[in-house]
Amino acid sequence: MPYPYVLLSAAVSLDGYLDDTTSERLLLSSPADFDRVDEVRASVDAILIGAGTIRADNPRLLVNSADRRHARVAAGKAEYPLKVTVSGSGDLDPAANFWHTGGDKVVYTTDKGARRADALGIAAEVVPLGPDLNWRRLLEHLHDERGVRRLMVEGGGTIHTQLLQQGLADEVQLVLAPLLVGDPDAPRLFGPGAYQGGRLRLTETRRIEDVVLMRYEPTAPGTGPLPSAADRHWLALACELAAACPPSATAFSVGAVIVAADGTELARGHSREAGDPVVHAEEAALAKLDPADPRLATATVYSSLEPCARRASRPKPCARLILDAGVRRVVTAWQEPDTFVTAADGNGLLTAEGVDVVVLPEYAERARVPNLHLTG
Ligand SMILES: NC(=O)c1ccc[n+]([C@@H]2O[C@H](COP(=O)([O-])OP(=O)(O)OC[C@H]3O[C@@H](n4cnc5c(N)ncnc54)[C@H](OP(=O)(O)O)[C@@H]3O)[C@@H](O)[C@H]2O)c1
């Protein structure tokens with residue numbers, strides 16, 4: 001199921017704290033950075049914070065600029081983004097600013113928490129997600145029921161930690177403030193636990209008065225059948241590579257990327273690469289790697305089109321090449337139409353041999369566009 005694009009936003013001290021332990025909220029950003037945050041808020045469909053941040057900071061979570069609110073309305077959007085919070089207990093203060101400012105509000109909670117929130121008379125839609133709170137179900141609900149395509153998450157640390165650890169954050173926008181907290185009881189941005197191995201991708205750094213904004217994207221593929229945010233980024237790259245193929249009247253244009261478990265790109269390829277008129281994208285990418293590379297066993301192959309199951313131009317179809325390489329996970333966008341081969345089922349072949357095949361149909365259109373001359 002598609003999820004919203006999830007953007008984590010936070011400011012931290014030089015020693016990695018989100019706040020101190022006093023009852024006053026610690027101001028980490030500079031005025032110009034608060035204005036940048038306001039601009040990001042104005043650009044999203046919804047803003048989410050945890051119940052802990054409502055209790056600690058009693059925030060309003062508004063778009064403060066009237067010009068930005070007018071621009072939202074002129075663009076046909078609600079004046080304010082939807083405000084979302086998450087609480088397992090449902091133990092929320094009905095008088096908190098969160099409920100009484102801005103536009104629509106939603107509380108995601110457990111069955112038990114929903115009974116508590118309803119009894120407290122919380123002025124918001126209360127959505128129980130079962131005995132436990134499941135982030136994927138929450139994101140699906142926001143996407144499907146509330147039309148949220150971009151979600152900004154403004155903390156606190158408990159929320160950021162779970163979304164990053166579960167591979168659900170598309171981007172981290174981190175502001176580093178030039179002050180130190182030094183109190184081990186203060187809340188940290190990211191808590192202990194299992195994160196992706198390897199490195200995130202740094203996509204931007206920007207000085208804003210005396211703070212620095214850093215933007216990162218996760219790179220590690222998901223595991224098993226569950227897609228991660230990084231899976232979507234790599235599949236988007238495969239679709240871009242498809243668009244770079246020399247066109248052909250007798251074969252599809254396809255892009256492929258092979259990515260190690262720690263998010264390192266191992267190889268990429270596209271159809272008819274390097275003047276070879278029949279080479280396929282996955283074949284071209286695999287040919288760049290040593291077949292004995294131990295990283296292949298835990299790698300993911302991203303292909304804009306389902307790997308082929310039958311072909312006339314070479315002895316082995318791409319699904320077989322992937323199996324022979326020992327790859328156990330494939331992410332793809334578009335299932336092969338009957339244009340050249342009837343009922344090709346590369347995904348079925350891979351699945352039958354125990355490979356986890358993840359299909360993200362929301363990318364199928366991007367994969368199809370470079371092939372419109374073939375499919376109409
Ligand atoms: N510097 C910054 O950019 C920034 C931004 C935001 C917040 N902060 C600071 O961060 C601190 C608050 O952080 P925090 O980690 O304590 O709180 P938090 O992340 O805001 O919220 C944690 C609460 O969310 C609910 N929750 C989270 N995950 C859940 C799950 N999987 N299932 C059920 N419920 C779940 C629980 O609510 P219940 O307890 O109701 O069950 C939990 O106590 C404050 O000091 C605040 O000032 C700083």
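**Exercise 1. Which element gives the largest share of the shell around the ligand, and how many residues does that make?**

Open the predicted model and start with the whole shell: 27 residues surround the ligand. Gly-50, Gly-52, Gly-88, Gly-155 and Gly-156 are the closest. Next, look for elements that give two or more residues: these are strand E1 (5-13), strand E2 (46-50), helix H2 (51-57), E3 and helix H7 (157-165). H2 comes out with the largest share, five residues. Finally, sort the shell by residue type: you get eleven nonpolar, eleven polar and five charged.

**Exercise 2. Work out why Leu-92 counts as buried or exposed.**

First find Leu-92: it sits in the loop between strand E3 (82-87) and helix H4 (97-100). Now count C-beta neighbours inside 10 Å. There are 23 of them, and the cut-off for buried is 20 or more, so Leu-92 counts as buried. Then check who it touches, skipping residues up to four places away in sequence: Ala-51, Ile-54, Ser-87, Ala-117, Leu-120 and Ile-122. For a far-off reference point, take Asp-290, which is 198 residues from Leu-92 in sequence and 56 Å away in space, C-alpha to C-alpha.

**Exercise 3. Describe how strand E12 (residues 300-305) pairs with other strands.**

Take one partner at a time. Strand E10 (residues 255-259) pairs with E12 in the antiparallel sense over four bridges, and Val-257 stands opposite Tyr-302. Strand E13 (residues 329-334) runs parallel to E12, joined by five bridges; there, Val-301 has Val-330 as its bridge partner. Now add helix H10 (residues 318-324): with E12 and E13, this helix makes a right-handed β-α-β unit. Last, check the covering of E12: six of its six residues are buried.

Definitions and conventions: Residues are numbered from 1 along each chain as its sequence is written. This is a predicted model: local features need pLDDT of at least 70, side-chain atom pairs count only at pLDDT 80 or more; totals for chains, interfaces and linings use all residues. A residue is buried if 20 or more other C-beta atoms lie within 10 Å of its own, exposed if 12 or fewer, and partly exposed in between; C-beta atoms are placed from the backbone. Two residues are in contact if their C-beta atoms, placed from the backbone, lie within 7 Å. A residue is near a molecule or strand if its C-beta atom, placed from the backbone, lies within 6 Å of it. Ala, Val, Leu, Ile, Met, Phe, Trp, Tyr, Cys and Pro count as nonpolar, Asp, Glu, Lys and Arg as charged, and the others, Gly among them, as polar. Two strands pair if DSSP finds at least two bridges between them. A crossover is right-handed if, with the strands pointing away from the viewer, the path from the first strand over the helix to the second runs clockwise.
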